[in-house]
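Biologist: I would like a close look at a single part. Please take me through the place where the two protein chains meet, and then the surface beside one of the DNA strands.

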Protein chains: 2
Amino acid sequence: MAGDCKVETALDILVGKWKPVILYHILGKGTLRFSELQRLIPDITKKMLTSQLRELEYHDIINRKIYAQIPPKVEYSLTEYGKGLMPLLESMHHWGLAHIKHLNEIYGEERAK
Amino acid sequence: MAGDCKVETALDILVGKWKPVILYHILGKGTLRFSELQRLIPDITKKMLTSQLRELEYHDIINRKIYAQIPPKVEYSLTEYGKGLMPLLESMHHWGLAHIKHLNEIYGEERAK
DNA sequence: TGCCATAGTATCCAAAAAGATACCATAAGG
DNA sequence: CCTTATGGTATCTTTTTGGATACTATGGCA
């Protein structure tokens, strides 16, 4: 049965409109503060950033390090386990790129998506 | 910038809550009629099934073959291009399976998800 | 004394996605 | 005639997501 299909489990971790971008930035820089993420992703609200980070944290993809300072400082970085997700993200990225080309071949450049 | 990130392009094709299951069944049987899909996925409504199939068709993942009969007969199957998505789906499935185990190790069996 | 910065919450609201339900055309079979 | 089967559409409502805005605590600095 379809209950065996765990594609959605992987999907859950990536779905949320901001998670890929967040991971992209954390991956690129290694470690990022909350405010740095906000600056890198200007259109995201604090609420969204917080909720997406918390979900990724729950799934052990990123970890959250709080410095007991004022003003507060919180750093986010990939966990060791989270790094294991990267090959999958890359595969998805590559497939996505190729797919955009494919759509252009079918429908022509004018109607991307 | 994050505009280079095409993970979401891949995601778009799988997101929709029913698409993975639909692909799973089409992949398993090769070819399926609309009504067969309905029976295999009892909780889906016709509206959802139709819209998901149309999106997959737009992306050239499945094709739709209409038989000029009454009552109507329409068959869905993977396109050659669509078969190229399968390795990615399998990677996601495997990662998803492993991730469920991982969550169990972290949080214990009692709180799956 | 007042203002700034950080990393959030809390509330409320709008938009998007999904679900429920009803309807349609047509031919075969009884 | 009436019913059944198929592969949908059309409409309306509910649920889920996401966005806007305001607010908070605290220490440093002028």
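Modeller: Here is a walk through the contact between the chains, followed by the surface near the DNA strand.

Keep in mind that this is a predicted model.

Start with how the two copies sit. Chain B can be laid on chain A by a turn of 180° and a shift of 0.0 Å along the axis. The RMSD of that fit is 0.1 Å. The two copies are thus related as by a two-fold rotation axis.

Now look at the contact itself. On the chain B side, 43 residues take part, and they touch 43 residues of chain A. Of the interface residues of chain B, 100% are also interface residues in chain A, so the copies meet through the same surface.

How much area is buried between chain B and chain A? The value is about 3,900 Å². Carbon and sulfur atoms give 71% of that area. Between the two chains there are 0 salt bridges. Polar contacts do occur: the count is 10 residue pairs, with both residues at pLDDT 80 or more.

Which helices build the side of chain B that touches chain A? Helix H1 (7-14), helix H2 (19-29), helix H4 (46-58) and helix H6 (86-107) of chain B each supply at least two residues. H6(B) gives the most, with 15 residues. Sorted by class, this side of chain B has 26 nonpolar, 9 polar and 8 charged residues.

Next comes the DNA. DNA strand D is surrounded by 20 residues. The closest are Lys47(A), Arg54(B), Arg64(B), Pro72(B) and Tyr76(B). Sugar or phosphate holds 65% of the strand D atoms within 4 Å of the protein, and the rest belong to bases.

Three phosphate approaches are worth finding on screen. In the side chain of Lys17(A), an N or O atom is 3.1 Å from a phosphate oxygen of DNA strand D. Val74(B) uses its backbone: an N or O atom there lies 2.9 Å from a phosphate oxygen of the strand. Tyr76(B) has a polar side-chain atom 2.8 Å from a phosphate oxygen of strand D.

Several elements give two or more residues to this surface: helix H4 (46-58) of chain A, together with helix H3 (34-40), H4 and strand E3 (73-78) of chain B. The largest share, 4 residues, comes from H4(B). H4 of chain B also supplies at least two residues to the side that touches chain A. By class, the surface near DNA strand D has 8 nonpolar, 4 polar and 8 charged residues.

Definitions and conventions:
Residues are numbered from 1 along each chain as its sequence is written. Chains are lettered from A and ligands numbered from 1 in the order in which they are written. This is a predicted model: local features need pLDDT of at least 70, side-chain atom pairs count only at pLDDT 80 or more; totals for chains, interfaces and linings use all residues. Side-chain values use heavy atoms; hydrogens and water are left out. Contact means heavy atoms within 4.5 Å. Buried area is the accessible area (1.4 Å probe) that two parts lose on being put together, summed over both. A salt bridge is a side-chain nitrogen of Lys or Arg within 4 Å of a carboxyl oxygen of Asp or Glu. A polar contact is a pair of N or O atoms within 3.5 Å; within protein, one must be able to donate a hydrogen and the other to accept it, and residues adjacent in sequence count only if both atoms are side-chain atoms. Ala, Val, Leu, Ile, Met, Phe, Trp, Tyr, Cys and Pro count as nonpolar, Asp, Glu, Lys and Arg as charged, and the others, Gly among them, as polar. A residue is near a molecule or strand if one of its heavy atoms lies within 4 Å of it. Copies are superposed by least squares on the C-alpha atoms of residues with pLDDT of at least 70 in both.
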